Amino acid sequence: MTKLRDFQGKVQTVGFYTADIATAYEPIWDQGGAYTFPIAAGVQLSVASDDAADAAAGTGARTVRVKGLLPTGAAFEEDVILNGVTEVALANALVMAVNSIEVLTVGSGGQNAGNIYVGDGVFTAGVPVEKFCKILDFKGRSAQGIYSFPSNSEVFFHGLNAGAGLTVG
């Protein structure tokens, strides 16, 4: 079991939500709307962008790092070389949860050109049917208030900051 004295860092998750505010509770994440976790047994996930410039030799994002949990409850992180709108399967055959995705390297554009997704099912123009994590275009990292901790961990919340804004006009 992970004890506080063994902890070597902190977890910071930032959520951002740009969709309309509904009357029902919704998680805070870049995709907006309801969030469904991959099944506990894990699923094969892939990464793709909705912009062809996000590719190994492109002007946008070239590589990303995906972090999450395996079905064993162990944490993983994996670097993926993007292939534009064509999905690239994660080397980890089964994934139970995705905590974040961030851009590691970029081309001459200096940032990701499109929305980058981690998901499963059929991908159409880089967009999967089932979405589990997303980087908005030009943002560089996912922003979701969703996080899964490894099994056998003790979690202590030190603080929580929240805010809201309204754009009128």
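**Notes on an all-strand predicted model**

1. Let me start with A125, which counts as exposed at 55% relative accessibility (buried means under 20% relative accessible area, exposed over 50%, and partly exposed in between, with a 1.4 Å probe and protein chains only). A125 sits in the loop between β6 and β7, and its phi is positive, about 50 degrees, although the residue is not a glycine. The hairpin of β6 and β7 has two residues between the strands, and A125 takes its positive phi there.

2. A word on the ground rules before going on. This is a predicted model, in which local features need pLDDT of at least 70 and side-chain atom pairs count only at pLDDT 80 or more, while totals for chains, interfaces and linings use all residues. Residues are numbered from 1 along each chain as its sequence is written, and side-chain values use heavy atoms, with hydrogens and water left out.

3. Now the overall inventory. The chain has zero helices and seven strands (both are DSSP runs numbered from the N terminus, helices being H or I of at least four residues and strands E of at least two). Along the sequence the pattern reads β-β-β-β-β-β-β.

4. What is the strand order in the open sheet of four strands? The order is β4-β1-β6-β7, and the pairing is antiparallel (two strands pair if DSSP finds at least two bridges between them). β4 (88–89) and β7 stand at the edges with a single partner strand each, so one side of each is left without a neighbour in the sheet.

5. Within that sheet, two pairings deserve a look on screen. Strand β1 (residues 46–49) pairs with β4 in the antiparallel sense over two bridges, and V47 has V88 as its bridge partner in β4. Strand β6 (residues 116–124) and strand β7 (residues 127–135) are joined, again antiparallel, over seven bridges. In β7, P128 is the bridge partner of F123.

6. The other sheet to inspect is the open one made of three strands, in the order β3-β2-β5 with antiparallel pairing. Its edge strands are β3 (75–81) and β5 (97–106), each of which pairs on one side only. On average, neighbouring strands of this sheet are turned by 20 degrees against each other, direction ignored (axes are lines fitted to C-alpha atoms, for helices over the stretch in contact, and angles run from 0 to 180 degrees between N-to-C directions).

7. For the pairing of β2 with β5, please check the register at L69. Strand β2 (residues 61–69) is joined to β5 by eight bridges, and the two run antiparallel. The bridge partner of L69 in β5 is A97.

8. Several residues in the segment after β7 are worth a visit. F138 lies there and has a positive phi near 70 degrees, in a residue other than glycine. F138 counts as partly exposed at 47% relative accessibility. K139 is found in this segment too and is exposed, with a relative accessible area of 54%. The C-alpha atoms of K139 and I116 are 9.9 Å apart, with their positions 23 residues apart along the chain.

9. Is I146 buried or exposed? I146 lies in the segment after β7 and is buried, with a relative accessible area of 7%. Its C-alpha atom is separated by 8.9 Å from that of V98, 48 residues apart along the chain.

10. On the surface, Y147, F149 and V155 make a nonpolar patch of about 220 Å². Patches are made of residues with over 30% relative accessible area and no salt bridge, joining like charges within 9 Å and nonpolar side chains (Val, Leu, Ile, Met, Phe, Trp, Tyr) within 5 Å; a salt bridge is a side-chain nitrogen of Lys or Arg within 4 Å of a carboxyl oxygen of Asp or Glu. V155 belongs to the segment after β7 and is partly exposed, with a relative accessible area of 32%.

11. Finally, the totals for the chain. Buried residues make up 36% of its 169 residues. The accessible surface comes to about 9,900 Å², and 55% of this belongs to carbon and sulfur atoms (areas come from the Shrake-Rupley method with a 1.4 Å probe; for residues, only the protein chains shown count as cover). Among contacts with a separation of 6 or more, 69% are between residues 24 or more positions apart (contact means heavy atoms within 4.5 Å).
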